[in-house]
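Colleague: I would like a close look at one part of this model, the place where the metal is held, with the surroundings explained slowly enough for a first-year student to follow.

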Amino acid sequence: MSRFAIPFILALTLAAAAVPQDKKPPEKKDPPKLLYAVPLVLKPGEKQKVALRGKFLATVTAVKVTGADAAKVTFRSAKAAAPPNNYPADRIGDSEVEIELELPKDAKPGEVKLVAVGPAGESAPYTLLIRDGLPVVAEKEPNDGFDQPQALAVPCAVEATIKGERDVDVFKIEGKKGDKLRIEVQAARYGSPVDAVCVLYDSSRAVVASASESPGAPDAILSVTLPSDGAYLLAVQDANDLGGGTFGYRLVVTRPEK
Ligand SMILES: [Ca+2]
Ligand SMILES: [Ca+2]
């Protein structure tokens, strides 16, 4: 081997070592993905702080609103915010953006969407769940069992949270034989990690009806005709017994037209 060979081989080795660095494709950046809002239900006509949970949100620099011309949005912060271990990150997200949002009083449910903007581009639009004309009820814990239900007057829309693992929310609804009730959970459609199961019991604690997600209908919906006069108990819980401060849901109880 000539005396030039070693430096030559060394140079080749160094060059080879350098190749992966030089030829490494630029880091692939994923655009932000909005999963859901906390609180899940937004109030038109009020300025409120909203955390948006999702993926690749830590570098988001702005949030845009569409579908409500007079809406005002102020970007506050973006950060990584990992879910607890063993929670499904695809549903709970790994980061969040905080904004201040003021929707006009006439903001229309289903029409207002948010888009997060970051260095890798824009998120798909996220449709906000907005209060409609139904009377609003705030969930009151503890409501964890048949002995401590929260009484509801129909119609209403309860704004609730599966506040921790194995949280059960029980509501009491008075009814008469032949009354029709429609009970609808609004959660998964709006990205909430709650996978709700709803069970309606009569006053003797026999199951009258139950529902969970079904194909084409990601949220539980119960349509029942009450079999007798009395107090009915509705239990809502997460199918996987998961829960936490960001597990919001809206429970809409109405009497459909006969
Ligand atoms: Ca609860
Ligand atoms: Ca509860």
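Modeller: A residue will be called buried when its relative accessible area is under 20%, exposed when that value is over 50%, and partly exposed in between. Please keep in mind throughout that the model is predicted.

Let us begin with the calcium ion (ligand 1), whose protein donors lie at 2.2 to 3.1 Å. They come from Glu139, which gives two OE atoms, from Glu141 with an OE atom, from Thr161 with its O atom, from Asp167 with an OD atom, and from Asp169, which gives two OD atoms. Written along the sequence, these donor residues follow the spacing E-x1-E-x19-T-x5-D-x1-D. The site thereby links distant parts of the chain, since glutamate 139 sits in the loop between S11 and strand S12 (150-152), while aspartate 169 belongs to strand S14 (residues 168-175), 30 residues apart. Both glutamate 139 and aspartate 169 are buried.

The calcium ion (ligand 2) has its own set of protein donors, at distances of 2.2 to 2.5 Å. Glu141 supplies two OE atoms here, Asn143 supplies OD1, Asp144, Asp167 and Asp169 each supply an OD atom, and Val168 supplies its O atom. The spacing of these donor residues in sequence is E-x1-N-D-x22-D-V-D. If you set the two donor lists side by side, you will find Asp167 among the donors of ligand 1 and again among those of ligand 2. Aspartate 167 has a relative accessible area of 5%, so this residue counts as buried. Glutamate 141 bridges the two calcium ions, which lie 3.6 Å apart.

From the ions we can move outward to the strands. An open sheet of five strands has the order S11-S13-S20-S15-S18, and its pairing is mixed. Strand S11 (136-138) and strand S18 (221-225) stand at the edges, and because each has a single partner strand, one side of each is left without a neighbour in the sheet. From one strand to the next, the twist averages 20°. Within this sheet, strand S13 (residues 156-161) pairs with strand S20 (residues 248-254) in the antiparallel sense, over six bridges. As an example to find on the screen, valine 158 stands opposite leucine 251 in S20. In general, the strands of a sheet pair through backbone hydrogen bonds, and they may run either parallel or antiparallel.

Strand S14, where we placed aspartate 169, takes part in another open sheet, in which five strands follow the order S12-S14-S19-S16-S17 with mixed pairing. Its edge strands are S12 and strand S17 (207-211), each of which pairs on one side only. Here the twist averages 25° from one strand to the next. Strand S16 (residues 196-201) and strand S19 (residues 230-238) pair in the antiparallel sense over six bridges, and alanine 196 can be found opposite aspartate 238 in S19.

Charged side chains are the last step outward. As a general point, side chains of opposite charge can pair when their charged atoms come close. Returning to S20, the side chains of aspartate 132 and arginine 250 meet in a salt bridge, with an N to O distance of 2.8 Å. This pair links parts of the chain that are 118 residues apart, with aspartate 132 in the loop between strand S10 (129-130) and S11, and arginine 250 in strand S20. Arginine 250 is buried, because its relative accessible area is 1%, whereas aspartate 132, at 37% relative accessibility, counts as partly exposed.

A search of the whole structure finds 13 salt bridges, and another of them joins the side chains of glutamate 184 and arginine 182 at 2.5 Å, N to O. Glutamate 184 is buried, with a relative accessible area of 10%, while arginine 182 is partly exposed at 28%. Salt bridges that share partners join Arg182, Glu184, Arg189 and Asp219 into one network.

How values were computed. Residues numbered from 1 in each chain as written. Chains lettered and ligands numbered in written order. Predicted model: local features only at pLDDT ≥ 70, side-chain atom pairs only at ≥ 80, totals over all residues. Heavy atoms only, no water. Donors = N, O, S within 2.8 Å, 3.2 Å for Na, K, Ca; no water. Buried < 20%, exposed > 50% of the residue type's maximum accessible area, 1.4 Å probe, protein only. Pairing = 2+ DSSP bridges. Helix = DSSP H or I, 4+ residues; strand = E, 2+ residues; numbered from the N terminus. Axes fitted to C-alpha atoms, helices over the stretch in contact; angles between N-to-C directions. Salt bridge = Lys/Arg side-chain N within 4 Å of Asp/Glu carboxyl O.
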